[in-house]
Amino acid sequence: MRTVSIGGVAAAVLVLANCAGPADSAPGAEETGVGGEAACAAPMALFAPLEVAPGDTVTVTLEGMSDDCYDTGEHGAGPPGEPEPIADVMVATLVGVDDGAELASVDVSLGEGNTGHADLVIPEGAPAGAYTAIVTPEPAVLDVPSILTVTAD
């Protein structure tokens, strides 16, 4: 199984959910601008807050979890509108940016706009460091525009 993970600098992401307008991100999620007209955004994972300690809870938000884009007629075979989600429930796993070691994972149920969020408790004794996300089943491309920082216990 192939895993795709792309980390970015914590800033902010203007997301085009349903290929048409902004979607609700997790409360407190940092965002930065990407996107454009008549283009579907890549599937995305966001964290809120961006800094936690072991035992704290982080909200993991998945947005645009579809490999197809129907807004221009160039991708996918479906009609204009919302493409089908990759899966009804996806697993988001936190992995170390430096070593790729798995820290914890959470099931995220997708709803309207192929978007969903779930709370994940950071395990006690979790090593301090920077974490990104992998998602399974994986989308063709996953954008992780923010890095989760776990502070020392």
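Hi everyone, this is a short walk through one sheet and one surface patch.

A word on the source: the model is predicted, local features need pLDDT of at least 70, side-chain atom pairs count only at pLDDT 80 or more, and totals for chains, interfaces and linings use all residues. Residues are numbered from 1 along each chain as its sequence is written, and side-chain values use heavy atoms, with hydrogens and water left out.

Let's start with the sheet. Five strands (DSSP runs of E, at least two residues, numbered from the N terminus) make an open sheet in the order 2-8-7-4-5, with mixed pairing; to pair, two strands need at least two DSSP bridges between them. Its edges are strand 2 (51-52) and strand 5, each pairing on one side only.

Now look at strand 5, residues 102-109: seven bridges join strand 4 to this antiparallel neighbour. Across that pair, Val-95 has Glu-102 as its bridge partner, and Ala-92 stands opposite Val-106. The two strands form a hairpin with five residues between them, and in the turn Gly-100 has a positive phi of about 70°.

Just before strand 4 (89-96), in the loop that follows strand 3 (57-63), we find Asp-88. Is Asp-88 buried or exposed? Asp-88 is exposed, at 60% relative accessible area; the cut-offs are under 20% for buried and over 50% for exposed, with partly exposed in between (1.4 Å probe, protein chains only).

Thanks for listening!

Conventions: Helix = DSSP H or I, 4+ residues; strand = E, 2+ residues; numbered from the N terminus.
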